[in-house]
Every structure is written in structure tokens, then in C-alpha cells.
Amino acid sequence: MNDYYFGTPTARLVEIKENEQGAWSAETYVAETIGALRAGLGDDRVVLGLSGGVDSSVSAVLLHRAIGDRLHCIFVDTGLMRKGEHDEVMAAYEGMGLNVVGVGAGDKFLGDLRGVADPEAKRKIIGRDFIEVFEAEALRLARTVGGIKWLAQGTIFPDISESFSPKRPGVAVKSHHNVGGLPEKMNLRIVEPLRMLYKNEVREVGRALGMSERLVGRHPFPGPGLGVRVLGEVTPAKIATLQEADKIFIDSLRAAGLYDRVWQAAVILLPVQSTGVAAGARTFENAVALRVVNSVNAVTADPVALPWEFLEGVARDIIAGVEGVNRVVYDISPKPPATIEWE
């Protein structure tokens, strides 16, 4: 049985992926993975933290196909999600027949982020809070069902490779919430059905599983959510402002038929105020940046030259429709040297 799903050492995974050769088939991967999960998990119960993103969703469907309702999913609303995303995502998961519980924890996350501006510190706080909320709910579930032995995660290969450097141990591009943390606290074994896949391969697996294109085609979204798209200190007011601007941008991309033609689109709330004019009076308000890239596997990414008329319309709509924003700029930086997210 292939043990990639059950904890092959990181260094070995990186070596295998870098030397990978031959054709790859999503259908074969689905069949082999479901078989490996059934054999490896037996009659054990598994808990999985759903985020609404492609990775955790595809992991959940794979596991559900393998072990059914012995998979227990927890969806933590961090308060750092897109506008209306909680209700939309919960409805999608329930519609797929997943065994899922939603936990609202926005007040905790936003409270603990108060006064914190450093990007890595924010990531660690969000990761820590997620662990605390998830652990409490998982322990409650374990008591209810008579024990849970496995933690499933939506880790994919870039999470591993960006958190590990074979030439410089301990040096990483950034920390990832899926890499490490929970097992020590909960005494669970880890299963990661997608840990050998890039994002484009994960999407193909989702399609092979028959998942809806709206879910499979969702743009990548950072684990810390909008917490790392508000540059500097995160506050409820800033999150609300960013949610409004983000909704205008994403809805506009969908309406123009552009959403599915790009890899990822984001709005970044900048820690900058600028002078503007509204109703004949001077304003001094926030600036946001629009970020749109195309990529194959997120290792590299190129900025997308969206139509000027579209960008101009979105900028006007955001400035007119989002209180406190008077300037919109467009990010044309490639990865590398920039990363896709700003933090």
C-alpha cells in the first residue's frame, strides 16, 4: 500500500515529487487513494477541518467515498472569510452529504489579532486559534461517537515544499496551517490524501469525483483568510471594508466571464490612506490593491492583463460602493520575486 497519505517523511516526499516521471491520471489517483484509505483506516473514525477551499473539500469527498459517515467534518468560521461565505459553503457541504458541523468563532480570532501587525505573527495566532477551536469541537465529537483516531488535512505538495528547504533546514517561504501542530495536542494520527499533488492536480481529482465546477474551480484562498489580506493590524472594521470590496471584485469577475479564466483574484486592504475628492470635498481614505494571477501549480505565477474597461469599472464600483475607500491600484508583480499573497 502506498503510504504517501499516511506520513511519509517530508524530505522523502520532496525528493519523490522532484523526480516524478510519467503520465498522471486523476481517475487512477482516485481509485488508488480510496483503496489505500479504506485499507489504512479500517473501521476507524476520522476528523477533518473544512475551510471551504478546494483542497479540504476534495480531501473530504475522497475520505467520504472511502469511509462514509465515519468521517466527521468541522467547519470553523474564523470571521476572516469572504462575505456570505459561511452560509454558501455550509449549504454546499450539506448538499454533498458530508457529515459536517459548523462552529462560529469570529469574535475569538478578531479579538486575539487586536494590535498585531506582523504577517508571520498573524499567521501563527490564526493557526493557534484554529487549533484551539478545532480541538474543542473534535474532543466533543470524539466523546459523542466513542473515539476518533485520525486527523485528515487538506495539505498539498506546495504546503510541504514551501515549509521545508532540503538545502537550508528550518528555512521556509512561510508557515502553513496544515503543516504540523494538531497531532501533539490531540494524539491523533495524520492522513493527508492530497499531499503529493499540486493545485491543478487537486482540481482534476475533484472533477474525477464528480464535484461541482463552482466548488472545484474556486480560486485558492489563504488558510489565514482575509487576515493576511488586511496588511498590518486586523480589525472588524477593516475586515468588513475588505469583504465589501472583495465581493464587488469577485462578483464582477463572474459577471464578465473572467473568474474561470484566471487562477486567483484577491483584494488587498493597504495600510495607506490617500487624498481624494468626493462631492466637492477633500477625503483622506483607504486604498485597496487588486491582485489577479495565472499559474499552473502556484510555484510561479504571472499577473493577468485584465481589460482596461473592466478594471476601470471595478475601481469605480468599489470607490462608489465601499465606504472609506477612495483609491484602487492594480498589482502586476510576478511570482517570483513577489509571492501571490502580499503577506
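**Sheet architecture and helix packing**

In the predicted model, strand 1 (residues 46-50) pairs with strand 4 (residues 150-152) in the parallel sense, the two being joined over 3 bridges. Within this pairing, Val47 of strand 1 is placed opposite Leu151 in strand 4. Both strands belong to an open sheet of 5 strands, arranged in the order 3-2-1-4-5 with parallel pairing. The edges are formed by strand 3 (100-104) and strand 5 (189-191), each of which pairs on one side only. From one strand to the next, the twist averages 25 degrees.

Helices pack on this sheet. Helix 3 (residues 54-67) touches strand 1, strand 2 (71-77) and strand 4, and the direction of helix 3 makes about 155 degrees with that of strand 1. Helix 6 (residues 119-145) lies across strand 1, strand 2, strand 3 and strand 4. Relative to strand 2, helix 6 runs at about 145 degrees.

A further contact is found between helices. Two packed helices are described by the angle between their axes and the distance between the axes. For helix 2 (residues 26-41) and helix 9 (residues 199-208), the packing angle is about 75 degrees and the axes are 8 Å apart. Angles of 65 to 115 degrees count as roughly perpendicular, and helix 2 and helix 9 are therefore roughly perpendicular to each other. On the side of helix 2, the contact involves Ala26, Glu27, Tyr29 and Val30, which meet Glu204, Val205 and Ala208 in helix 9. Classified by residue type, the contact of helix 2 with helix 9 comprises 5 nonpolar and 2 charged residues, with no polar residues.

Note on methods. Residues numbered from 1 in each chain as written. Predicted model: local features only at pLDDT ≥ 70, side-chain atom pairs only at ≥ 80, totals over all residues. Heavy atoms only, no water. Pairing = 2+ DSSP bridges. Helix = DSSP H or I, 4+ residues; strand = E, 2+ residues; numbered from the N terminus. Axes fitted to C-alpha atoms, helices over the stretch in contact; angles between N-to-C directions. Contact = heavy atoms within 4.5 Å. Parallel < 35°, antiparallel > 145°, perpendicular 65-115°, else oblique. Nonpolar A, V, L, I, M, F, W, Y, C, P; charged D, E, K, R; others polar.
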